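Open the model in your viewer and keep the selection box handy. We will go from stop to stop, picking residues and looking at what surrounds them.

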Amino acid sequence: MAGLHKSEFENPVIRWVDSRLPIFTMMQKEYGVFPTPRNFNYLWNFGALAMVNLVIMIATGIFLAMNYTPHATMAFDSVERIMRDVNFGWLLRYVHANGGSMFFIVVYIHLARGLYYGSYKMPRELLWILGVVILLLMMATAFMGYVLPWGQMSYWGATVITNLFSAFPLVGDYIVTWLWGGFSVDNATLNRFFSLHYLLPFVLVGVVFLHIAALHITGSNNPLGIEVKGPQDTLPFHPYYTIKDSVGICVYLIVFALLVFFAPNYLGHADNYIPANPLVTPAHIVPEWYFLPFYAILRSVPDKLGGVLLMFGSIGVLALVPWLDTSPVRSARYRPVYRILFWVLVLACAVLLVCGGKPPEGIWVVLSRVATAYYFLHFLVILPVLGKFERPLPLPESISRAVLADGGGGGPLPGGAAAKPMEKA
Amino acid sequence: MGFLRIAAAAALLALATPVAATAAEGELTFPPQNWSFSGPFGTFDRAAAQRGFQVYSEVCAACHSVKHAYYRDLGGIGLTHKEIEAIAAAVMVPSIDDDGQPAERPARPSDHFRAPYPNETAARATFNGAYPPDLSVIIKARAGGADQLYNLLAGYAEPPADMKLGDGMYYNKYFAGHQIAMPAPLSDGRVTYADGTRASVEQMARDVTTFLAYIAEPEMEVRKRLGVKVVLFLIFMTGVTYAAKRKVWADVH
């Protein structure tokens, strides 16, 4: 029949729908038989984990929003009401609050994996840039979410971060007033942050969709960093990677559960259980832990505008990595110098994380300056130069050869396993 | 697999950092105490919490509210419904009568604990400009938690000879700057315990800290019990899923 999609599904209902709107065929193609490199290690779980985390955040967030009151005089009390009066409200709130931390842990590892295995390189540049956009959206969402309980750190964190925009010459103060909706962080600010905190996750879903769509055009990178050469290098996504991701999800949920049930406030700050008070400034205003490296970069520059530019630049530079890295070899496994410098970068980020939580004085200023300098040196100087001088190790001929060589035994893929659709769908 | 191992270490470092961050916040350290409610299986010592409720009612409640707590919450530390009704009924709470005029009525178990003053301004007027903080989540609102509160309550002493206290200020070993506007609330024998426990300052401080820890986290015992089940289930699921993964991948490796 003209105009109808030729569905291969036999179930009459699925077939009827699929002929008119081939979503089953699409799912089958993108998640069923989708050819995936056969040599992923467990670091390739973290994209799926981030997806699960996003769903958890949206699900808990929707129920929290049903019980939360975005008003400067009632927000703090309404959060306590959620904790005490709403059935399992404490669970919703602790999952959502710690879910923010888990999200950043997962995404930072996901990002580090991309850097280590060169996943940003041609042809995956746009995929990588969409990832940086996701990171920025996550940061904006997390920042505004942290303001909502309207505790001391909410209030003063919002004050400090929004005030950063006043560093821009001429328009700075207007921007800040515009962000606040008034002349200080107040009820108008809380209301717009709540509105945007509800909106941005759905924008995030949209960008995540594009991220995955781009991924399914280029296909995944893999630990060897060499392209798939044929069917012998791949496995169908289902069941091989659905089950491997499931193992990762279980372990991830254990870590998540340990935080939620046994240390729900461990990653938070005690001051946020004190209601916001514009007249009392906390001794040390610190952001949530996942912002500490950026906070350290901000404070490592004595000039306010310079600090702000460097802080935003630290994320902006990530978007340029596909062009800054001049090495034709993707995976750090075959880049003996880059492999070491990658860990120096991780160390620099860890130092920044620690420094961000310390008062900006004495040794902490020196350390954060050194680490900031290395961070930018790594991306802006080392990556472009290293690609020209580093002598990479010989690359394996193909994924299947490399896997079967160090896998010991095995043999060719059993017939049919590579192209079997999920019949039970 | 070097990446995996080092990445795991980095994740642990990330988790450990907030501790380092909060430790830097004050030069004060609070000698840790043994609490019945600490640890993954901790529960609130009911007798201590009930004695603590007595200390709160007879001492703290003169100045400090616990406005997020309900009288019915006392059920969680072992009081019967009859006892709670009697405790609530002895308190008059603000209400509005049939003519729309402000009035008072005896409290019910479903009422919030009555605050000792109608609003913050009234509190400041009464307490010489100081505002006694609400104690509903005080244990969570201090980086040192229960240890900090206990040591503060038991930490009053004579100031060192070279220290000059401000007007209306008191010396405390465990308060930032060692000057606190709250006079020592506890003294030996300040309350008389019905169960015969000797009411030393340390005993009362420990009891009221246990009570306030319960008020801050009335869900804690349920949370930990549920957590044990959830984690055990997830460990089981990890095993099952990993076994399934091995089986699925057996023909590839």
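Start by selecting Leu377(A), which is partly exposed, with a relative accessible area of 40%. Leu377(A) sits in helix H14 of chain A, which covers residues 363–389. Keep in mind as you look around that this is a predicted model.

Now add Leu380(A), Val381(A), Val385(A) and Phe389(A) to the selection. Together with Leu377(A), these residues form a nonpolar patch on the surface, with about 470 Å² of accessible area between them. A note on helices may help when you look at the spacing of the numbers: an α-helix has 3.6 residues a turn, so residues three or four places apart point the same way.

**Into the core**

Next, turn from the surface to the interior. Which residues touch the most other members of the largest nonpolar core? Select Tyr68(A), Phe104(A), Leu115(A), Trp289(A), Tyr338(A) and Phe379(A): out of 125 residues in that core, these are the ones.

Zoom in on Tyr68(A) and show its surroundings. Leaving out neighbours within four places in sequence, Tyr68(A) is in contact with Ala75(A), Ser78(A), Val79(A), Ile82(A), Leu148(A), Leu190(A) and Phe194(A). There is also a second, separate core, made of 43 residues, and Phe53(B), Leu79(B), Phe211(B) and Leu212(B) are among them.

**Chain A as a whole**

Zoom out and show chain A as a cartoon. You should find 15 helices and two strands. The radius of gyration of chain A is 24 Å, close to the 22 Å that the globule rule gives for 425 residues, so chain A is as compact as a globular protein of that length. Along its principal axes, the C-alpha trace of chain A spans about 70 × 60 × 45 Å.

Try colouring chain A by accessibility: 53% of its 425 residues count as buried. The chain exposes about 19200 Å², and carbon and sulfur atoms supply 72% of that area. As for the contacts in chain A with a separation of 6 or more, 80% of them come from residues 24 or more positions apart.

**Salt bridges**

Across all chains there are 18 salt bridges. For one of them, select Lys121(A) and Asp325(A), whose closest N and O atoms are 3.1 Å apart. Lys121(A) lies in the loop between helix H5 (89–116) and helix H6 (125–147) of chain A, and Asp325(A) in the loop between helix H12 (304–324) and helix H13 (336–356) of chain A, so the pair ties together parts that are 204 residues apart in sequence.

Are these two partners buried or exposed? Lys121(A) is buried at a relative accessible area of 6%, and Asp325(A) is buried at 5%.

For a pair in another setting, go to Arg401(A) and Glu397(A), which form a salt bridge with closest N and O atoms 3.7 Å apart. Both Arg401(A) and Glu397(A) are exposed.

Then move to chain B and pick Asp73(B) and Arg72(B), a salt bridge whose closest N and O atoms are 3.9 Å apart. Asp73(B) is buried, with a relative accessible area of 12%, while Arg72(B) counts as partly exposed at 40%. Going back to chain A, select Lys121(A), Asp325(A), Arg335(A) and Glu390(A) together: salt bridges that share partners join these four into one network.

**Helix H2 and its cover**

Select helix H2 of chain A, residues 23–32. Its buried residues are Gln28(A), Glu30(A) and Gly32(A). What covers them includes helix H9 (187–218), strand S2 (234–236) and helix H10 (237–262) of chain A.

Stay with helix H9 and click on Thr189(A), which lies in that helix. At 0% relative accessibility, Thr189(A) counts as buried. Apart from residues up to four places away in sequence, Thr189(A) touches Leu179(A), Trp180(A) and Ser184(A). If you draw a distance from Thr189(A) to Leu148(A), the C-alpha atoms are 9.9 Å apart in space, with the two positions 41 residues apart in sequence numbering.

**Last stop: a loop in chain B**

Finish at Pro31(B), found in the loop between helix H1 (2–23) and helix H2 (46–58) of chain B. Pro31(B) is partly exposed, with a relative accessible area of 34%. Not counting residues up to four places away in sequence, Pro31(B) touches Asp147(B), Asn151(B) and Tyr174(B). For one more distance, take Pro31(B) and Gly177(B): they are 146 residues apart along the chain, and their C-alpha atoms are separated by 18 Å.

Definitions and conventions. Residues numbered from 1 in each chain as written. Chains lettered and ligands numbered in written order. Predicted model: local features only at pLDDT ≥ 70, side-chain atom pairs only at ≥ 80, totals over all residues. Heavy atoms only, no water. Patch = residues over 30% accessible without salt bridge, like charges linked within 9 Å, V, L, I, M, F, W, Y side chains within 5 Å. Areas by Shrake-Rupley, 256 points an atom, 1.4 Å probe, with all protein chains shown as cover. Salt bridge = Lys/Arg side-chain N within 4 Å of Asp/Glu carboxyl O. Helix = DSSP H or I, 4+ residues; strand = E, 2+ residues; numbered from the N terminus. Buried < 20%, exposed > 50% of the residue type's maximum accessible area, 1.4 Å probe, protein only. Core = buried A, V, L, I, M, F, W, Y, C linked by side-chain atoms within 4.5 Å. Contact = heavy atoms within 4.5 Å. Rg over C-alpha atoms; globule rule 2.2 N^0.38 Å.
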